[in-house]
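Biologist: Before the discussion begins, could the structure be placed in front of us? A first-year student should be able to follow each step of the reasoning.

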Amino acid sequence: MKRALPICAPNPSHNSKPWPKNLSWLLSYVDHQNDCVKLGPLKPLGEQLSYISSNVAGVLDRINRSYFLPAIQRPFVWQPDQIVALFDSLLKGYPISSFLLWEIKPERRTDWEIYKFIENFRFGDTHNELAEPDGRDVVLVLDGQQRLTSLLIGLRGSFTVRAKYARRTNPDAWSRQRLYMNLLKDPTIESGDDNDREDLGVTYGLRFFEEEPKNNTDQLWMKVGNILDCTSDNAFDNLKDTLIDSLPDTATKGQQRIAEKNLDRLYRTVWKDEVISYYTEKDQSYDRVLDIFIRANDGGTKLSKSDLLLSMITSKWDGISARQEIFDFVDFINSGLEGKNDLDKDFVMKSCLVLSDLDQRYKVSNFTNANLKLIERNWKGIKTSLEATLRLVNRFGIDRENLTSANALLPIAYYLHRTESGSLDGSTPFESSNAMRIHRWLIGSLLNGVFGGSSDQTIGTSRTIIQESLANGRDFPYRPLVDGLARRGRLVSFDDNNVDGVLDTNYGQRGCFMALSLIYDTNNWGSVKHHMDHIIPRSLADRKALMARNLPEALIKNILESVNRLGNLQLLLGRENLEKSNIPFAQWIQTRDSDFLERHLIPNEPALWEVEALPNFVKAREQLIRRRLRRLSLDPYVQENLAQGMGKVDYALGK
């Protein structure tokens with residue numbers, strides 16, 4: 001069993017002997033990823049570090065008064081159990097590793113955006129409130145945000161959680177909770193009533209509650225934050241007397257001693273013991289501080305590259321909060337459009353490089369001062385192009401449910417950015433033909449995994465092809481992209497080598513909707529809700545229903561293997577799908593128009609529409625789909641002209 005937050009390296013505030021004077025390394029960040037402390041490798045910094053110790057109450061008093069967070073810090077991510085484990089560790093006298101601070105000189109305060117620590121945290125909220133530096137001593141916390149925020153929440157704030165499986169929009173689903181301590185819980189004894197807490201090594205009676213819990217013979221609850229009122233020994237004695245007097249007459253002397261001991265321990269932990277050890281960096285060089293920050297966080301919970309880069313951009317852009325701007329834009333493209341997306345800051349930051357014609361590799365060295373200035377000038381156009389890209393692909397029916405690679409959007413965004421074409425939502429020949437080209441190219445890229453793995457070179461190649469093609473016209477270069485990427489072993493089109501992979505797609509798989517959309521000439525799948533429908537109803541191909549027909553076991557097995565294959569699926573309007581329900585296809589098709597079979601590439605052979613013939617139906621329909629996919633390697637505009645010359649039906653069927 002793990003002890004609560006075990007420590008694997010020394011802390012200067014708890015050593016019996018002073019550290020060596022020539023000590024030139026820094027304890028790296030505490031990793032609570034697995035609900036226990038694991039210290040990462042020690043990183044040399046090349047100069048002596050001088051640590052100072054303080055008690056919890058003193059540090060807490062400085063939070064949001066002089067202690068703030070830089071833009072470099074990511075949001076608070078700890079869970080209530082981790083906060084409880086931190087307090088349990090402190091009460092047991094375990095060290096919680098050191099903290100790293102950065103003191104900002106008064107004349108440099110306005111150079112940096114600073115943010116407040118969250119005191120009342122609502123689960124799922126990720127944005128800290130911006131703070132004004134005027135008239136303040138500003139000290140930024142580079143390492144220790146999660147721990148300090150946890151102390152603030154536990155002693156002075158609250159943690160609002162959502163009930164499991166409840167909707168975020170339901171106000172009754174949320175519970176604002178505060179940290180309480182059961183003073184009658186003996187921390188030397190494991191109670192055995194909570195396996196999760198035992199696994200964390202938590203033995204003090206610490207829990208979050210929405211309302212103050214009721215006391216009984218085994219429980220005397222106190223809100224942990226009440227200890228902050230004990231600004232003197234006399235105030236603490238008064239609190240202790242009040243609590244001890246509230247014990248029931250049945251309380252034993254042993255219980256009274258446990259309660260007094262727990263109270264004493266909490267008081268000493270918060271007010272007396274200097275358990276917080278920190279080093280304050282005073283050099284004003286941003287590059288040095290960024291380097292210290294990266295080193296200090298190397299062993300702990302990893303920050304995304306965008307967390308580091310956002311702080312650089314914030315410091316370089318004039319008159320605008322890049323951090324807030326990008327946070328807000330990510331929220332907008334994910335939740336503010338008709339389709340719901342799941343993109344992150346890293347995607348937006350990489351887009352800034354690609355659309356600004358910079359080195360597309362997403363690394364810190366590409367965000368030089370000159371490049372940041374260029375991105376700042378391009379930012380408005382970058383936002384416009386990314387929004388247009390998401391609106392376009394959402395119309396294709398591609399969103400967070402089936403977008404398998406966000407990098408596949410970058411060539412489209414670059415094309416729209418260079419041509420200033422908007423989201424191609426009009427009905428002009430240019431808009432409709434290029435929307436079709438982009439749809440075919442994107443679906444082929446996603447289904448064939450063109451942008452899987454390390455795709456920097458694929459992105460760069462695509463951008464170069466688009467640049468060269470736009471020198472001769474404004475159309476999306478479908479054919480040049482297909483050919484150019486194929487020379488790099490990235491196949492967008494469909495041939496005998498990869499078409500079987502598409503046909504093997506089954507109902508419920510992430511790429512199923514995209515594969516089905518290739519069957520049809522339209523690409524406007526996102527504006528009206530469409531469902532994936534089983535042509536031969538799944539209810540008719542249920543094992544019990546098939547056995548009731550006295551079919552051979554071998555045939556039943558083949559039917560069950562065929563019912564969810566792509567060949568038995570079609571896209572219908574949601575309303576149509578509900579109307580169709582479990583009606584046999586031979587009966588339902590009588591209510592459709594004469595072109596329905598041709599539009600959906602369904603064999604016009606009624607004998608195949610019976611459930612007993614499902615394996616042969618799927619085989620026949622997959623042949624029609626196979627022919628269509630092979631023809632998709634043509635430029636969609638050329639394909640459309642060919643179809644008009646041959647007759648669309650004959651062309652679609654490959655005649």
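**The sheet and its strands**

Modeller: In strand E16, Tyr278 is the bridge partner of Phe99. The model under discussion is a predicted one.

Biologist: In which sense do E7 and E16 pair, and over how many bridges?

Modeller: Phe99 belongs to this part of the sheet, since strand E7 covers residues 99–104. Its bridge partner in E16 is Tyr278. The two strands E7 and E16 pair in the parallel sense, over four bridges.

Biologist: How many bridges join E7 to E11?

Modeller: Leu100 stands opposite Asp143 in E11. The strands E7 and E11 run antiparallel, and the number of bridges that join them is five.

Biologist: Which strands stand at the edges of the open sheet?

Modeller: Seven strands form the open sheet, with mixed pairing, in the order E5-E16-E7-E11-E6-E8-E10. An edge strand has a single partner strand, so one of its sides is left without a neighbour in the sheet. The strands at the edges are E5 (51–54) and E10 (130–131).

Biologist: Which residue of E10 stands opposite Ile114?

Modeller: Strand E8 (residues 114–115) pairs with E10 in the antiparallel sense over two bridges. Opposite Ile114 in E10 stands Ala131.

Biologist: At about what angle does helix H3 run to E11?

Modeller: Helix H3 (residues 145–156) lies across four strands, namely E6 (67–70), E7 (99–104), E11 (138–143) and E16 (276–281). With respect to E11, the helix runs at about 115 degrees.

Biologist: How many of the six residues of E7 are buried?

Modeller: A residue counts as buried when its relative accessible area is under 20%. Strand E7 is mostly covered, and the number of its residues that are buried is five.

**Charges over rings and a positive phi**

Biologist: Which residue lies over the face of Phe99?

Modeller: The ring of Phe99 has a charged side chain over its face, at 4.2 Å from the ring centre. That side chain belongs to Arg147.

Biologist: What is the phi of Ser97?

Modeller: Most residues other than glycine have a negative phi. Ser97 lies in the loop between helix H2 (80–91) and E7, and at 3% relative accessibility it counts as buried. Although Ser97 is not a glycine, its phi is positive, at about 70 degrees.

Biologist: Where does Leu601, with its positive phi of about 50 degrees, lie?

Modeller: Leu601 is not a glycine, yet has a positive phi of about 50 degrees. At 2% relative accessibility, Leu601 counts as buried. Its place is the loop between helix H22 (596–599) and helix H23 (614–631).

**Aromatic pairs**

Biologist: Is the pair of Phe329 and Trp379 stacked or edge-to-face?

Modeller: The ring centres of Phe329 and Trp379 are 5.8 Å apart, and their planes meet at 75 degrees. Planes over 60 degrees apart count as edge-to-face. The pair of Phe329 and Trp379 is therefore edge-to-face.

Biologist: How many residues apart in sequence are the parts that this pair ties together?

Modeller: Phe329 is buried, at 6% relative accessible area, and Trp379 is buried as well, at 4%. Phe329 lies in helix H9 (residues 322–335) and Trp379 in helix H11. The parts that they tie together are apart in sequence by 50 residues.

Biologist: What separates Phe585 and Trp588 along helix H21?

Modeller: Phe585 and Trp588 form a tilted aromatic pair, 6.3 Å centre to centre, with 40 degrees between the planes. The charged end of Lys580 sits over the ring of Trp588, 5.8 Å from its centre. Phe585 and Trp588 are three residues apart in the helix, so their separation is about one helical turn.

**Cores and a buried alanine**

Biologist: Which helix gives the largest share of the largest nonpolar core?

Modeller: The largest nonpolar core has 81 residues, and those with the most contacts inside it include Phe367 and Trp441. The largest share of this core is nine residues, and they come from helix H11 (residues 369–395).

Biologist: How far apart in space, C-alpha to C-alpha, are Ala413 and Leu386?

Modeller: Ala413 lies in helix H12 (residues 409–419) and is buried, with a relative accessible area of 1%. Leaving aside neighbours within four places in sequence, its contacts are Leu355, Ser385, Leu386 and Thr389. Ala413 and Leu386 are 27 residues apart in sequence, whereas their C-alpha distance in space is 5.8 Å.

Note on methods:
Residues are numbered from 1 along each chain as its sequence is written. This is a predicted model: local features need pLDDT of at least 70, side-chain atom pairs count only at pLDDT 80 or more; totals for chains, interfaces and linings use all residues. Side-chain values use heavy atoms; hydrogens and water are left out. Buried means under 20% relative accessible area, exposed over 50%, partly exposed in between (1.4 Å probe, protein chains only). Contact means heavy atoms within 4.5 Å. A nonpolar core is a set of buried Ala, Val, Leu, Ile, Met, Phe, Trp, Tyr and Cys residues joined through side-chain atoms within 4.5 Å. Rings of Phe, Tyr and Trp (its six-membered ring) pair if their centres lie within 6.5 Å; planes under 30 degrees apart count as stacked, over 60 as edge-to-face and the rest as tilted. A charge sits over a ring if NZ of Lys or CZ of Arg is within 6 Å of the ring centre and within 35 degrees of the ring normal. Two strands pair if DSSP finds at least two bridges between them. Axes are lines fitted to C-alpha atoms, for helices over the stretch in contact, and angles run from 0 to 180 degrees between N-to-C directions.
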